[in-house]
Amino acid sequence: MQKRVAAIHDISCFGKCSLTVALPVLSAAGIETPIIPTAVLSTHTGGFSGYTFRDLTDDILPVAEHWQKSDIAVDAVYTGYLGSKEQVGIVMQAVDKIRKPGGFLLVDPAMADHGKLYGGFPADFPLEMKKLCEMADIITPNITEAAMMLGLPYCEGSYTKDYINELMDGLTEMTSADIVLTGVYYDDKTLGAVCQKDGVRTFVASERINAFYHGTGDLFASSLTGALMNGKTLIESVEIAVDFTCVCIRRTFDMHPEMTYAVAFEDEIPYYLKKLGRC
Ligand code: PXL
């Protein structure tokens with residue numbers, strides 16, 4: 001049976017993030033990907049001004065309820081950017097309606113980076129997002145998101161082992177989910193994710209490229225979800241997602257100087273599929 005993952009994110013019409021990344025990556029990984037859009041924006045909110053924003057809070061539960069009535073259930077749910085604080089509770093209810101027993105919930109609390117909340121979110125949004133993370137089986141916060149949910153100060157990298165362990169300890173207390181903390185670097189040569197499963201912490205690293213692109217968190221969490229649904233273990237999936245994200249950033253940095261708003265991931269999809277053993 002083909003696996004089915006519901007992706008609950010916004011549609012940023014231009015800018016290659018959220019659903020316009022999750023859909024191509026998961027589909028390429030062989031996974032059927034029904035969606036519940038949380039909002040429609042003309043672009044993502046990073047580096048663009050004057051973007052449109054259509055809030056879809058009122059549509060989320062009716063979509064989930066229609067699926068439920070139509071016997072449409074999913075093997076896993078993968079959530080990302082939510083359009084409003086109210087959506088957190090609504091998405092929690094939607095997950096209960098659409099997830100098959102035993103299916104996992106992966107929460108990417110996409111809401112902040114570099115010490116700042118994305119435009120439009122109220123200051124108490126992280127406390128609300130924390131509730132969805134508490135319900136999750138796997139969470140993939142970056143450093144800013146982790147610090148904000150825990151009420152800890154945000155520090156600039158490179159990070160100390162003590163700071164990363166403080167965040168990981170806090171997240172471990174916050175949720176019983178497996179934890180994948182992204183954007184971790186201890187020096188200027190390597191960057192990766194700290195992954196924790198069954199109390200064991202592992203740093204999975206690859207080359208650190210001195211550039212920043214929007215949508216890399218979505219690329220990471222989408223490729224991680226795709227690997228998990230292809231039967232890889234969490235640590236194998238983190239290795240694949242770290243490597244694939246790094247290769248996409250490298251390609252963008254070297255070959256697409258015009259692309260400042262996102263990464264050129266498309267031509268690296270075959271590389272990802274090789275890593276999954278699908279071609
Ligand atoms: O990549 C995360 C993301 C998703 N959706 C929207 C965003 C961002 C990051 O800026 O603005 C609308």
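**View 1. Strand 2 pairs with strand 3 in the antiparallel sense.** In this predicted model, three bridges hold the pairing of strand 2 with strand 3, the latter made up of residues 53–55. One place to look is Leu-41, whose bridge partner in strand 3 is Phe-53.

**View 2. Strand 1 runs parallel to strand 2.** Here we move to the other pairing in this set of views. Strand 1 covers residues 5–14 and strand 2 covers residues 35–43, with six bridges between them. Leu-41 turns up again: in this pairing Leu-41 of strand 2 stands opposite Ser-12. Keep an eye on Ser-12, since this residue is also listed among the closest to the ligand.

**View 3. The ligand sits in the largest pocket.** Zoom in on the ligand and you'll find 13 residues around it. Asp-10, Ser-12, Thr-45, Tyr-81 and Asp-218 are the closest of these. By character, the shell splits into seven polar residues, four nonpolar and two charged.

**View 4. Asp-10, Thr-45 and Asp-218 each place a polar side-chain atom by the ligand.** For Asp-10, the pair to find is a side-chain N or O atom and a ligand nitrogen, 2.8 Å apart. Thr-45 has a polar side-chain atom 2.7 Å from a ligand oxygen. With Asp-218, the distance from a polar side-chain atom to an oxygen of the ligand is 2.6 Å. As for cover, the ligand on its own would expose 310 Å², and the protein buries 97% of that area.

Terms used: Residues are numbered from 1 along each chain as its sequence is written. This is a predicted model: local features need pLDDT of at least 70, side-chain atom pairs count only at pLDDT 80 or more; totals for chains, interfaces and linings use all residues. Side-chain values use heavy atoms; hydrogens and water are left out. A residue is near a molecule or strand if one of its heavy atoms lies within 4 Å of it. A polar contact is a pair of N or O atoms within 3.5 Å; within protein, one must be able to donate a hydrogen and the other to accept it, and residues adjacent in sequence count only if both atoms are side-chain atoms. Accessible areas come from the Shrake-Rupley method with a 1.4 Å probe; for residues, only the protein chains shown count as cover. On a 1 Å grid over the protein atoms alone, a cavity is a set of points where a 1.4 Å probe fits but cannot get out, and a pocket is an open set with protein on both sides within 12 Å along at least five of seven lines; lining residues have an atom within 4 Å of a point. A molecule sits in a cavity or pocket if more than half of its atoms lie within 2 Å of its grid points. Ala, Val, Leu, Ile, Met, Phe, Trp, Tyr, Cys and Pro count as nonpolar, Asp, Glu, Lys and Arg as charged, and the others, Gly among them, as polar. Two strands pair if DSSP finds at least two bridges between them. Helices (H or I, at least four residues) and strands (E, at least two) are DSSP runs, numbered from the N terminus.
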